[in-house]
Amino acid sequence: MNIIILGAGRVGESVAESLVSEQNDITMIDMDPVRLRQLEERLDLRGVVGNGIQPSVLREAGAKDADMLIACAAADETNLVVCNVAHDLFNVPTTIARLRSPEFTEGEEDQQLSRTSFSVSHVICPEESVMRYIHQLISYPEALQVLEFADGRASLIAVRATHGGALVGHTIGEIRERFPQAEMRVVAIYRLDTEMEAAPQTRILAGDEVFLLADAQKIRYVLSAVHNIDKPVRRIMIAGGGKVGLRLARSLEGQCEVKILERDRTRCEYLASQLPSSMLILQGDGADEDLLEEENVGEMDMFLALTSDDEDNIMSAMLAKRLGAGRVLSLINRRAYADMMQGSTIDIAISPSQTVIGELLTHLRRGDVAVVHSLRRGAAEALEGIARGDVKTSKLVGRRVEEVKLPHGARFGGIVRGEGRGSEVLMPHHDVLIEDGDHIIIFIPHKRLVREVEKLFQVSATFFG
């Protein structure tokens, strides 16, 4: 695809990095020539210096032949106008706007934007995505990652195998036998950042990162079967009262006791006006050891470092852990830092830009692809597609799981059959027959396999198996 990206900031860079790796033709527009030159040297893309609002700049970037424009400049109004110009003057079929304002979210407001003169096909909000992601981790404190499929009917959970836990020392086959009632599928195992074969004879060791897929309604039961259950998160300390910190605090009202540490006095006053009086807002530095001790950080079930400074987040999270906080999470923009910190003293490292990659990939995928989640900091994917057609027109419908030829390394995670409350989550045993309308979740360990998996969901009038 020919894709134009407006804005060479952190989100724009991460989006470009992900899309370039899939052999897309990427052109990036930004006002900073030095920044563009750096990205051109590191990534296989073309840079155009200028203001993306101007038609001449979009024309130079190849808007006439573009399949998609992703506007992720710093200002919402810039992104809205660029989408409008790209659609109306150059007929760019798909326009995606990164909007920070909570007034615009994927839903009714998004539809309104497409109906009005802005011509926005889809809205992404990194702060909202990060907030939802963290909220899931608070709900399931045993997990490293919680991802939803089929409108929340199925969940993919990543857990760390720990000494004394039910996973360690057992093969995948033995786990199935020990917990027959906990229907789940082990879709991937990573050991020291290396993927292990998820075969019945594979033995799980302490420290392994294990990805499990199960019915979302049975997640608690599955976690209790395979992991030492942590006590529910009731007390939280947030370092950083920015957009993510404020959104998260609002979402936790009535669920947890929340303390927020924020350096800026004016921001503290704003937070106090926006949040309930039951939440304690303190002016101070999250990396101040005396302040953390004074505010009893050691009694916190979870410490969240959510400022805009990577180094501050890393230091404050490590300090909170040393002072006794239960679990610590750090927001880390630089991907290299996030890779280094994951699984260290810091329990969970989140790269904000990676949380929105999945949303963008969903709009890029071919065939009847419903949801895409980026895993392992973008190296792998979990894709949900809808099987359409019949045995003559589909490579999936009317075939048993064992008859479907997946590319080497890709594997079935689960099948969701039916809609709404009447739907059921099926484990993809070898003899399960795939039906029209089934939502199929597939784990893809390498992005180079994505195109082959996409083809499975494309209906062909001439396909006869």
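These legends describe close-up views of a predicted model.

**View A. The largest nonpolar core and its most connected members.** The largest nonpolar core holds 74 residues. Ile134, Ile138 and Leu304 touch the most other members of this core. A separate core of 46 residues lies apart from it, and includes Ala16, Ile357, Val372 and Ile415.

**View B. Surroundings of Ile138.** With neighbours within four places in sequence set aside, Ile138 is in contact with Val233, Ile236, Leu248 and Leu252. Its other contacts of this kind are Gln255, Cys256, Met302 and Leu304. Leu304 is also, like Ile138, one of the three residues that touch the most other core members. Cys256 counts as buried, because its relative accessibility is 12% and the limit for burial is under 20%.

**View C. Cys72 and the cysteine sulfur nearest to it.** The model has zero disulfides. Cys72 is in no disulfide, and the nearest cysteine sulfur, that of Cys83, is 10 Å away; a disulfide would need the two sulfur atoms within 2.5 Å. Cys72 is buried, with a relative accessible area of 5%.

**View D. Packing of helix H6 against helix H14.** Helix H6 spans residues 126-139 and helix H14 spans residues 352-364. Their axes are 9 Å apart and meet at an angle of about 100°. H6 and H14 are therefore roughly perpendicular to each other, since that class runs from 65 to 115 degrees. From H6, the residues in the contact are Pro126, Ser129, Val130, Arg132 and Tyr133; from H14, they are Pro352, Thr355, Val356 and Glu359. By class, the contact of H6 with H14 has five nonpolar, two polar and two charged residues.

Methods:
Residues numbered from 1 in each chain as written. Predicted model: local features only at pLDDT ≥ 70, side-chain atom pairs only at ≥ 80, totals over all residues. Heavy atoms only, no water. Core = buried A, V, L, I, M, F, W, Y, C linked by side-chain atoms within 4.5 Å. Buried < 20%, exposed > 50% of the residue type's maximum accessible area, 1.4 Å probe, protein only. Contact = heavy atoms within 4.5 Å. Axes fitted to C-alpha atoms, helices over the stretch in contact; angles between N-to-C directions. Helix = DSSP H or I, 4+ residues; strand = E, 2+ residues; numbered from the N terminus. Parallel < 35°, antiparallel > 145°, perpendicular 65-115°, else oblique. Nonpolar A, V, L, I, M, F, W, Y, C, P; charged D, E, K, R; others polar.
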